[in-house]
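User: I have a model open and would like to talk through its voids and charged contacts. Can you walk me through it?

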Amino acid sequence: MPKSATQTFVNGRLHEATRQTALLVGGSLVVALFARITLPLPFTPVPLTMQNFGVLLVGLLLGSRRGFAALALYLAEGLSGIPVFSPAGPGGLAQLFGVTGGFLLAYPFVAALAGWIWERSTGTFAGAALAGLAAEVLLFASGLSWLAIYTHSFAQAVRFGLYWFVFAEIIKIMLAAAIVGGWQRVHKAQP
């Protein structure tokens, strides 16, 4: 018995909704896994973590809208008590509004900005690196602003949240750009 046009349409929509949901959940889990790679530093309350790399990767690979949604889901998971944030912090609401809250709350916007710039780029390593750099500027603007309010000192915020991380962030940007640039080449080469 042949399928009706309505049944085919409904099955196609259900398949696409399932695919999109899997991408969003997968994106949030990627960031949660990278959050586990953490190095607490004794001279700052902000840990060195691969979480930011995960945010860049998700934003670049999923694009602006899905990247934003995946990271909003990630924050909701953390807020609900699921241990997705860096284990160097208290978790849940306390971590979201603690010393690293400015970084965490910016994640959906960081992923959206990286994805937005990448969607409009030439699809090269340089385009991905530029998108990653702009997203990191937004991330650190938010994180340092939050830290300045938290510590009552912009100079202290910069000492706690920037100096120790610049080199690592450059490496994260380059690594994310290389992965996404490689993915783009492989994806274009497929028939």
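Here is a short run of questions and answers on pockets, cavities and salt bridges.

Analyst: Quick ground rules: this is a predicted model, where local features need pLDDT of at least 70, side-chain atom pairs count only at pLDDT 80 or more, and totals for chains, interfaces and linings use all residues. Residues are numbered from 1 along each chain as its sequence is written, and side-chain values use heavy atoms, with hydrogens and water left out.

User: How many salt bridges does the count come to?
Analyst: A salt bridge here is a side-chain nitrogen of Lys or Arg within 4 Å of a carboxyl oxygen of Asp or Glu. Arginine 19 and glutamate 16 make one such pair, at 3.2 Å from N to O. Another joins glutamate 119 and arginine 120, at 3.3 Å. With that rule, the count comes to three.

User: Are glutamate 169 and lysine 172 buried or exposed?
Analyst: These two form a salt bridge, with their closest N and O atoms 2.8 Å apart. Both sit in helix H8 (helices are DSSP runs of H or I, at least four residues, numbered from the N terminus), three residues apart, about one turn of the helix. Buried means under 20% relative accessible area, exposed over 50% and partly exposed in between, with a 1.4 Å probe and protein chains only. By that yardstick, both glutamate 169 and lysine 172 are buried.

User: What is the volume of the largest pocket?
Analyst: On a 1 Å grid over the protein atoms alone, a pocket is an open set of points with protein on both sides within 12 Å along at least five of seven lines, while a cavity is a set where a 1.4 Å probe fits but cannot get out; lining residues have an atom within 4 Å of a point. The largest pocket has 16 of them, with Leu23, Leu61, Leu62, Arg66 and Trp183 nearest its centre. Grid points are joined across faces, edges and corners, and volume is the space filled by probe spheres set on the points. That gives about 400 Å³.

User: Which helix supplies the largest share of the lining of the largest cavity?
Analyst: This cavity has a volume of about 160 Å³. Of its 17 lining residues, Val46, Pro47, Thr49, Asn52 and Tyr107 are closest to the centre. The largest share, three residues, comes from H5.

Technical notes:
Helix = DSSP H or I, 4+ residues; strand = E, 2+ residues; numbered from the N terminus.
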